[in-house]
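Could you walk me through this protein in plain words? I'd like to know how to find my way around it.

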Amino acid sequence: MRKIFLIVTLTALFLFNGCGYKNGFAFFSKDKPYEKAISYTKKGEIVVSMENKAFIIATYLNPIYKRYEDGDYFFVRVYISNDFEDDKKNGLLNPKYHLLLNDQEPTMIKELSREDILTKEMPMVKPWYKIYLVKFPKDSGVKKLHFKSDDYGQTVLIFQ
């Protein structure tokens, strides 16, 4: 009788323990910069005749990192189709594409490597993107980031 009680008790313990609720996020620690970056990230595309000519993903860095105070900083990922012929004239250095913030040119465009710390903290980084840290003059209010093509039009990303 005692053996049966022990077996039933152990079986019940194993069954009820296996039915416990665990959230998937309980197994991972939260990464605050990555989590904040998601909320300050926008994507735009330049599409012609249902063909994606270029796209841009930009993350507004000023609300995420306090070290960016002397201007408006963006972490920018760019892909431009047929933009692989000359390494010195592709991505944001392509003379047929322009990036403007509220109609102002950037004061700095710095290409980043995949090994850069900032690159590792940002979401949506793929091997085929060109990655940049871009600085614009400080501007208060709504930020309208225009990614323009001389041949195909533009896309506008709006940051509040």
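Here is a tour that starts with the overall layout and then moves to the inside, a pocket and a couple of loops.

Keep in mind from the start that this is a predicted model. The protein has 160 residues, and 36% of them are buried. Its backbone forms 3 helices and 8 strands. If you trace it from the N terminus, the elements come in the order α-α-β-β-β-β-β-α-β-β-β. Now think about who touches whom. Of the contacts with a separation of 6 or more, 61% are between residues 24 or more positions apart.

Let's zoom in on one strand, β7 (143-149). Most of β7 is covered, with 5 of its 7 residues buried. Which strands does β7 pair with? One partner is β4, in the antiparallel sense, through 5 bridges. You can find a spot where they meet by looking at Y97, which stands opposite S149 of β7. Another partner is β8, again antiparallel, and here there are 7 bridges. Look for F147, whose bridge partner in β8 is T155. To get from β7 to β8, the chain goes through a hairpin of 3 residues. While you have strands on screen, here is a handy general rule: in a regular strand, side chains alternate between the two faces of the sheet.

Next, look inside. The largest nonpolar core contains 20 residues, and the ones touching the most other members are F74, V76, L92, L99, L145 and F147. Which elements supply two or more residues to this core? They are β2 (51-60), β3, β4, β6 (130-136), β7 and β8. So F147 turns up twice on our tour, because besides being the bridge partner of T155, F147 is one of the core residues that touch the most other members, and a core like this is built from buried residues joined through side-chain atoms. Apart from this core lies another one, made of 15 residues, including A37, F55, Y65 and L112.

Now for some empty space. A general trick is to roll a probe the size of a water molecule over the atoms, which shows where space is left. The largest pocket holds about 250 Å³. Its lining has 16 residues, and S81, N82, D83, N94 and K96 are the ones nearest the centre. What kinds of residues make up the lining? There are 7 charged, 5 polar and 4 nonpolar ones.

S81 deserves a second look. You'll find S81 in the loop between β3 (72-80) and β4 (97-101). Is S81 buried or exposed? S81 counts as buried because its relative accessible area is 17%, and the cut-off for buried is under 20%. Leaving aside residues up to four places away in sequence, S81 touches N52 and K53.

Finally, visit two methionines with a backbone quirk. M50 has a phi near 60°, which is a positive value in a residue other than glycine. M50 sits in the loop between β1 (41-48) and β2. Because its relative accessibility is 84%, and anything over 50% is called exposed, M50 counts as exposed. M124 also has a positive phi, near 55°, and is likewise a residue other than glycine. Look for M124 in the loop between α3 (117-121) and β6. With a relative accessible area of 37%, M124 falls between the two cut-offs of 20% and 50%, so M124 is partly exposed.

Methods
Residues are numbered from 1 along each chain as its sequence is written. This is a predicted model: local features need pLDDT of at least 70, side-chain atom pairs count only at pLDDT 80 or more; totals for chains, interfaces and linings use all residues. Side-chain values use heavy atoms; hydrogens and water are left out. Helices (H or I, at least four residues) and strands (E, at least two) are DSSP runs, numbered from the N terminus. Buried means under 20% relative accessible area, exposed over 50%, partly exposed in between (1.4 Å probe, protein chains only). Contact means heavy atoms within 4.5 Å. On a 1 Å grid over the protein atoms alone, a cavity is a set of points where a 1.4 Å probe fits but cannot get out, and a pocket is an open set with protein on both sides within 12 Å along at least five of seven lines; lining residues have an atom within 4 Å of a point. Grid points are joined across faces, edges and corners, and a volume is the space filled by probe spheres set on the points. Ala, Val, Leu, Ile, Met, Phe, Trp, Tyr, Cys and Pro count as nonpolar, Asp, Glu, Lys and Arg as charged, and the others, Gly among them, as polar. A nonpolar core is a set of buried Ala, Val, Leu, Ile, Met, Phe, Trp, Tyr and Cys residues joined through side-chain atoms within 4.5 Å. Two strands pair if DSSP finds at least two bridges between them.
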